[in-house]
Amino acid sequence: MNKKWLSGILIAALAVSAFSACGGSASTESSSSSEPASSSSQQEESASQEESAAEASSQAEEPSALPETFVLGLDASFPPMGFMDQNNNIIGVDIDLAKAVCEKLGMEFEAKPIDWDAKEMELNSDKISCIWNGLTIQEGFDEIYEMTPAYMDNEQVIVVMESSDIQSKEDLADKIVAAQKDSSGLAALQKDEIYSSIQGGAAKEYGNYVEALTDLEIGRCDAVVMDSIVANYYINANAKAMRVLDDKMASEQYGIAFKKGNTELRDAVWGALQELEAEGKVAEISLQWFNKEDMIQIG
Amino acid sequence: MSLIFVKNLRKGFQGVEVLTDVNFQVDKGDVIAVIGPSGAGKSTMLRCLIDLEKVDGGTIEVEGEPLVKDGIYAPPAQVRRATGKMGMVFQNFHLFPHLSVRRNLTMPLMKVKGTGKEQANALALETLKKVGMGDRIDAMPSTLSGGQKQRVAIARALMLNPDIMLFDEPTSALDPMLTLEVLGVMQKLAADHMTMLVVTHEMSFAKEVANRILFMCDGTILEEGTPEQIFGHPKHQRTADFLGNNIK
Amino acid sequence: MTTSEILATTQALLQGLGTVITLFVVVMVASLPLGFLLTMLARCRIAPIRWLVNAYIYIMRGTPLMLQLFFIYYGLPFVNDFFKMALRSAMVCALLGFSLNYAAYFAEIFRGGLLSVDKGQYEACQVLGLNRVQTTLYAVLPQMFRVALPSITNESITLVKDTALVFSISIMEVLYYAKAAVSRTGSILPYAIAFLIYLALNSLLQLFFNWLEKKTAY
């Protein structure tokens with residue numbers, strides 16, 4: 001009892017500090033945006049100082065808009081979007097995109113693996129600049145993040161063993177269905193009408209999708225609901241005797257999340273992505289990872 | 001001048017009077033046996049002398065210097081000086097189990113008096129020989145018998161060159177054979193004119209080694225005298241009863 | 001997985017070993033003396049100090065280490081600029097959090113060790129003329145340490161395993177690299193490799209403490 005009570009206090013303290021952080025950063029945001037406003041009013045007053053004032057305002061704006069180092073927060077176990085190679089270098093679709101963006105915007109690039117459960121705290125305490133890791137755009141995200149539009153389509157699909165008798169979504173009735181905890185796959189499964197008829201009336205939850213797929217192979221579950229991008233990559237890369245059903249659970253899209261209030265960085269990154277698409281760089285990255293030019297669509 | 005002078009000593013534990021009124025003195029060269037039934041306050045009296053217990057009232061003087069006068073304690077430095085003139089041997093030895101016999105003897109000397117290591121080692125060997133333990137100088141206490149432990153404990157107390165040795169039932173934790181070897185050492189000390197105050201149940205020691213006997217009962221010294229007087233002609237019925245029971 | 005893949009994966013996991021070892025060494029060196037200090041302060045004659053120390057131990061032992069790490073890493077930097085600067089590095093936060101947490105456990109272990117030291121030892125010291133500090137240093141501490149040693153061994157083995165928690169504040173260590181390797185290779189074999197790495201570390205530790213126990217036996 002005491003433990004719960006105390007950790008409750010700790011959590012409360014954490015929450016308070018996190019909230020005060022939001023408040024504090026929002027106020028600095030507004031004060032910095034008021035600066036260029038006042039300098040522009042000066043501009044109107046004296047036309048002779050126009051040049052120097054313009055210089056001053058551009059100097060004042062630039063450092064507040066873009067950080068020197070762009071820290072991309074990710075769960076580095078999400079191939080092919082962001083993961084580690086054999087030497088623990090972080091690679092992936094999102095990493096290549098972000099690197100190109102940083103080059104364009106003149107920022108240092110850094111990929112920072114984070115605990116996925118702590119991603120909001122990482123973002124709110126400015127330890128990362130964004131969450132960019134095959135993040136499914138979900139309802140309510142606009143209230144906690146500054147989201148970009150979608151840059152990739154994704155589907156929540158059902159993976160079963162090659163030899164399984166499951167052919168359609170309806171066949172999931174009375175079967176053990178698994179998903180990664182806190183994932184959009186789980187969310188899609190829970191929203192689906194089939195959910196109430198699966199075995200136990202609830203999904204079996206796993207820490208990550210590899211564990212779920214391993215249990216699928218062992219036979220502890222009959223189907224796994226997960227991202228199509230990852231599922232296809234996993235089955236192909238590891239030559240698993242698994243297949244993806246034609247029936248989809250849900251269609252969704254990937255976006256990039258920035259700290260609430262930081263629209264400048266979000267808009268700069270999105271703008272750079274649009275330019276990269278026009279230059280053909282995005283198609284190049286798509287081809288490299290998916291053997292298809294049109295997997296990534298900016299806007 | 002007496003080495004120890006005790007007057008009107010009172011001491012209670014949580015309202016129970018353990019020492020009601022203790023008066024005696026110890027002169028140089030005295031070997032005094034303190035005898036009496038359990039619960040008479042013998043050990044408490046001894047512990048008060050060396051400041052392991054605080055008295056409630058009375059006076060203790062060591063070599064003319066008060067440790068406590070009419071229930072008021074002297075300043076800490078003076079208390080330490082007074083107790084420093086005494087050595088104490090416990091019923092359960094209280095050797096330092098993590099130190100060898102050698103370090104048990106030399107550590108206090110080196111730390112308290114700042115004696116050098118070589119000098120301390122030489123003195124340790126000499127003192128151990130006195131108690132017949134010279135050959136076990138590098139043993140750990142856990143490898144010694146009870147009698148050997150007590151002899152080492154006596155040697156440890158002697159290292160600091162006390163004027164008076166206090167023994168708190170030094171043989172009560174030992175079987176008869178081991179008791180003899182410890183009593184032998186104490187007898188030798190007495191022969192060397194060490195002043196000793198011994199709380200004991202060993203009537204043979206009291207009879208043969210001590211020059212005076214204090215018979216304690218109900219927190220006071222009921223009777224005091226030479227062994228001949230106490231054993232031969234006890235004045236009090238309680239003394240006679242106690243000795244009668246013990247000799248049987 | 002092929003042999004060469006296993007070797008490469010092992011190598012990748014071993015990159016996290018530095019973190020584990022750094023954490024272990026620094027935390028042990030910091031928390032053992034700090035724990036002892038707490039034990040001593042918990043016996044302080046000034047009551048408010050005792051209360052504070054006991055409250056500290058109570059809170060540190062009564063709450064999950066992960067939440068404490070969260071608090072230091074994500075919470076404290078918002079308190080003021082000093083913390084913001086001092087706690088910039090996640091590793092500093094981890095070292096601080098682990099040391100403060102383990103000190104509380106060690107304080108309790110030492111307290112148990114102190115209780116086991118016979119009252120007669122203090123009396124022997126007193127009649128031999130040793131002062132309080134000398135009594136503590138030369139008689140009480142060595143005996144307390146000997147009694148506490150098995151529990152210290154236990155805690156340090158737990159510490160090695162607990163280091164996996166630092167990933168919650170974004171520090172890479174063996175278990176995290178194992179997770180990354182699992183999602184890359186689609187095989188759970190990297191977990192087995194991590195298993196062996198932790199086991200090997202703790203075997204070394206166990207050997208060391210066995211030796212120490214033998215050496216300090218009496």
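1. Contacts within chain A. In this predicted model, 72% of the contacts in chain A with a separation of 6 or more are made by residues 24 or more positions apart. The secondary structure of chain A consists of 10 helices and 12 strands. Chain A has 299 residues, and 47% of them count as buried.

2. Domains of chain A. The domain assignment divides chain A into domain 1 (69-153 + 254-290) and domain 2 (155-252). Between the C-alpha centres of domain 1 and domain 2 of chain A there is a distance of 26 Å. The two domains nevertheless meet: 13 residues of domain 1 of chain A are in contact with 9 residues of domain 2 of chain A.

3. The largest nonpolar core. This core comprises 111 residues, and A:F70, A:W132, A:Y151 and A:L273 have the most contacts inside it. Its largest share, 10 residues, is supplied by helix 6 (residues 90-116) of chain C. Both domain 1 (69-153 + 254-290) and domain 2 (155-252) of chain A contribute residues to this core, so it lies between them. As a general matter, nonpolar side chains in soluble globular proteins tend to be buried together.

4. The surroundings of A:W132. Which residues does A:W132 contact, leaving aside its neighbours within four places in sequence? The contacts of A:W132 include A:F70, A:Y151 and A:L273, each of which is also listed with A:W132 as having the most contacts inside the largest core. The remaining partners of A:W132 are A:L72, A:G73, A:L74, A:D94, A:L97, A:A98, A:V101, A:I256 and A:V269. Apart from the largest core lies another, of 94 residues, and among its members are B:L19, B:V89, B:M165 and B:F215.

5. Relations between the chains. There are 2 pairs of chains in contact, and chains A and C share the most contacts. Chain A and chain B do not touch, and their nearest C-alpha atoms lie 37 Å apart.

6. Overall features of chain C. Chain C contains 10 helices and 0 strands, and its pattern along the sequence reads α-α-α-α-α-α-α-α-α-α. The C-alpha trace of chain C spans about 70 × 45 × 25 Å along its principal axes. Of the 218 residues in chain C, 50% are buried. Residues 24 or more positions apart provide 79% of the contacts in chain C with a separation of 6 or more.

7. A helix pair in chain C. Helix 7 (residues 119-128) and helix 8 (residues 132-162) of chain C pack at an angle of about 160°, and their axes are 10 Å apart. Angles over 145 degrees count as roughly antiparallel, and helix 7 and helix 8 of chain C are therefore roughly antiparallel to each other. The crossing of helix 7 of chain C past helix 8 of chain C is right-handed. On the side of helix 7 of chain C, the contact involves C:Q121, C:Y122 and C:C125; helix 8 of chain C contributes C:T135, C:A139, C:V140 and C:Q143.

8. A helix pair in chain B. How do helix 4 (residues 117-130) and helix 5 (residues 146-159) of chain B cross? Their axes come within 9 Å and cross at roughly 135°, which makes helix 4 of chain B oblique to helix 5 of chain B. Helix 4 of chain B passes helix 5 of chain B in a crossing that is right-handed. Residues B:A120, B:L123, B:A124, B:T127 and B:L128 of helix 4 of chain B meet B:V152, B:A155, B:L158 and B:M159 of helix 5 of chain B.

9. The position of B:D163. This residue, B:D163, sits in the loop between helix 5 and strand 8 (164-168) of chain B. Is B:D163 buried or partly exposed? Its relative accessibility is 35%, so B:D163 counts as partly exposed. Not counting residues up to four places away in sequence, B:D163 touches B:L3, B:E63, B:K85, B:M194 and B:T195. One of these partners, B:M194, is 31 residues from B:D163 in sequence, with a C-alpha to C-alpha distance of 7.3 Å.

10. The position of B:T20. Strand 2 (residues 16-26) of chain B contains B:T20. With a relative accessibility of 32%, B:T20 counts as partly exposed. Beyond residues up to four places away in sequence, B:T20 touches B:L9, B:R10, B:D218, B:G219 and B:T220. The C-alpha atoms of B:T20 and B:M165 are separated by 24 Å, and these residues stand 145 residues apart along the chain.

How values were computed
Residues are numbered from 1 along each chain as its sequence is written. Chains are lettered from A and ligands numbered from 1 in the order in which they are written. This is a predicted model: local features need pLDDT of at least 70, side-chain atom pairs count only at pLDDT 80 or more; totals for chains, interfaces and linings use all residues. Side-chain values use heavy atoms; hydrogens and water are left out. A nonpolar core is a set of buried Ala, Val, Leu, Ile, Met, Phe, Trp, Tyr and Cys residues joined through side-chain atoms within 4.5 Å. Buried means under 20% relative accessible area, exposed over 50%, partly exposed in between (1.4 Å probe, protein chains only). Helices (H or I, at least four residues) and strands (E, at least two) are DSSP runs, numbered from the N terminus. Domain bounds come from an automatic or database domain assignment. Contact means heavy atoms within 4.5 Å. Axes are lines fitted to C-alpha atoms, for helices over the stretch in contact, and angles run from 0 to 180 degrees between N-to-C directions. Angles under 35 degrees count as roughly parallel, over 145 as roughly antiparallel, 65 to 115 as roughly perpendicular and the rest as oblique. A crossing is left-handed if the near helix is turned anticlockwise from the far one by less than a right angle, and right-handed if clockwise.
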